[in-house]
Amino acid sequence: MMALSAHKLAVGFYVTSALLLSAANADVALADKDDRTTTLTPPVSTIPPSATPQAPSVAGIDLAVDRLEQSGRLTGLPVDWAGVKSYYAAGGTPLWTVPEGYSLLGAEMVNQLRRAMAAGMPATPQAQQLANTLPAQLPPAQVADGEALLSALYTATAFDATSEIGKRFGQGAALLTELRNAKDQPRAIGRQLPSFHMFWRLYAVLPAYVHLYEQGGWPTVSGTDKMEPGDKSARVRQVKERLMVTGELAELGDDPELYDTRLEVAMKLFQRAHGLNDDGVIGKRTIEEMNVSAEQRLKMVLLNLDRMREQSPDFEDRYLFVNIPSTELRIIENGVTTYFANAIVGKVSRKTPTLKSEVFQVKLNPDWSVPAKIAKIDMLKHELDEPGYFASKNVRVYTSDGREIDPRAIDWREVKESGHFPYRLKQDSGPENALGPMKLD
């Protein structure tokens, strides 16, 4: 991954945040649009001004913060000490503790910080050690010190305080106040300390895409004719020059216009990374993906980061994830893919809806109640193209009042011409069933 200078990071933030605000209108392959408007809104501090400093809300919290700062335990971490102090000096209520020890939110913070680091959140060895050595129980005598430590760690690790996307939105007092005022505080912590492994993997490549965008992107490939290993043309050279910019290919080779073995390996890498069939054949879809601009790719990354961060609190340590654009299904446990399968999804004209739910039931050898739109469009077409299709595939036909009708007794061409499909279809369980041998509800 390419590192950016401090200047480029500053430029990159303003460029990429502007791109993100327009990303919802982009026709992107990696992120189907949903109904949410994707924006980044700076948290606003609501600490009331006061002519007279209010008493600390936790007994001894001001001294505890001073002791922690002077102890050097957090040296090297980007703690906003002034912000932490101002939050409590303005009467900020305790977030992490109650007189008896950790509050429920405090216990959640300890757990979420560890999960985020395990998921790949960038952290120094010092921060990781601190997170892993936080006590499971907090004695009442250490409440002030525990409150100070968790607030300091939160301001040093929260996404809106440390990331190149978010760190200009607020630190210290603003972050703590925003958390205090949140309607769902555990979810707010989950958004600041994402524990979704895919989020951090994508975030790790963001600087490289910013760099490529600022350098002017990559060249395009002309035409749509297929290219295969052994072919030789000026277009093969275009492909090589395109892949050299993004790093899949190291050099043009002895014959820049020859589709050689090195290019085949590089092309398969590119195809796998973009959800394409990795056969090394450069067809229309592969060329389309290579010709997506650096600006558009950056929009995809930013939009997906924002969506994944928002959804991160919904993902537990074990989940089933369907990636609609890449047509993949994965079961992921603690960040490791333990099961993979290809998935069938919708079309641009009939998109698969985005949703999240719990798997609550497994059905073996299920039957299939065919959705009305699929029945009217797809199943009817099958029957017209192949008369007797319904009978051969064990598809039963019912009227609106529930009576079963022999599909061979219906003039399906007349049904199509009428534009009205008055039947309900149901497919019996068995080897021909479209759902297969098992259904997860």
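This passage describes an antiparallel sheet and the largest nonpolar core of a predicted model.

Residues are numbered from 1 along each chain as its sequence is written, and side-chain values use heavy atoms, with hydrogens and water left out. Because the model is predicted, local features need pLDDT of at least 70 and side-chain atom pairs count only at pLDDT 80 or more, whereas totals for chains, interfaces and linings use all residues.

Four strands (DSSP runs of E, at least two residues, numbered from the N terminus) form an open sheet in the order 7-10-8-9, with antiparallel pairing, where pairing requires that DSSP finds at least two bridges between two strands. Strand 7 and strand 9 (404-405) are the edge strands, each pairing on one side only. Strand 10 (residues 424-427) is joined to strand 7 (residues 368-369) by two bridges, and Trp-368 stands opposite Gln-427. Four bridges join strand 10 to strand 8 (residues 395-398), with Tyr-398 opposite Arg-424; Tyr-398 also stands opposite Glu-404 in strand 9, which pairs with strand 8 over two bridges. In strand 10, Leu-425 and Gln-427 form the covered face, while Arg-424 and Lys-426 form the uncovered one. In a regular strand the side chains alternate between the two faces of the sheet.

The largest nonpolar core (buried Ala, Val, Leu, Ile, Met, Phe, Trp, Tyr and Cys residues joined through side-chain atoms within 4.5 Å; buried means under 20% relative accessible area with a 1.4 Å probe, protein chains only) has 63 residues, of which Leu-74, Trp-96, Met-109, Leu-113 and Leu-153 touch the most other members. Helix 6 (residues 143-157; helices are DSSP runs of H or I, at least four residues) contributes the largest share of this core, nine residues. Leaving aside residues up to four places away in sequence, Leu-153 touches Leu-74, Leu-77, Met-109, Leu-113, Leu-130 and Leu-134, contact meaning heavy atoms within 4.5 Å.

Technical notes
Buried means under 20% relative accessible area, exposed over 50%, partly exposed in between (1.4 Å probe, protein chains only).
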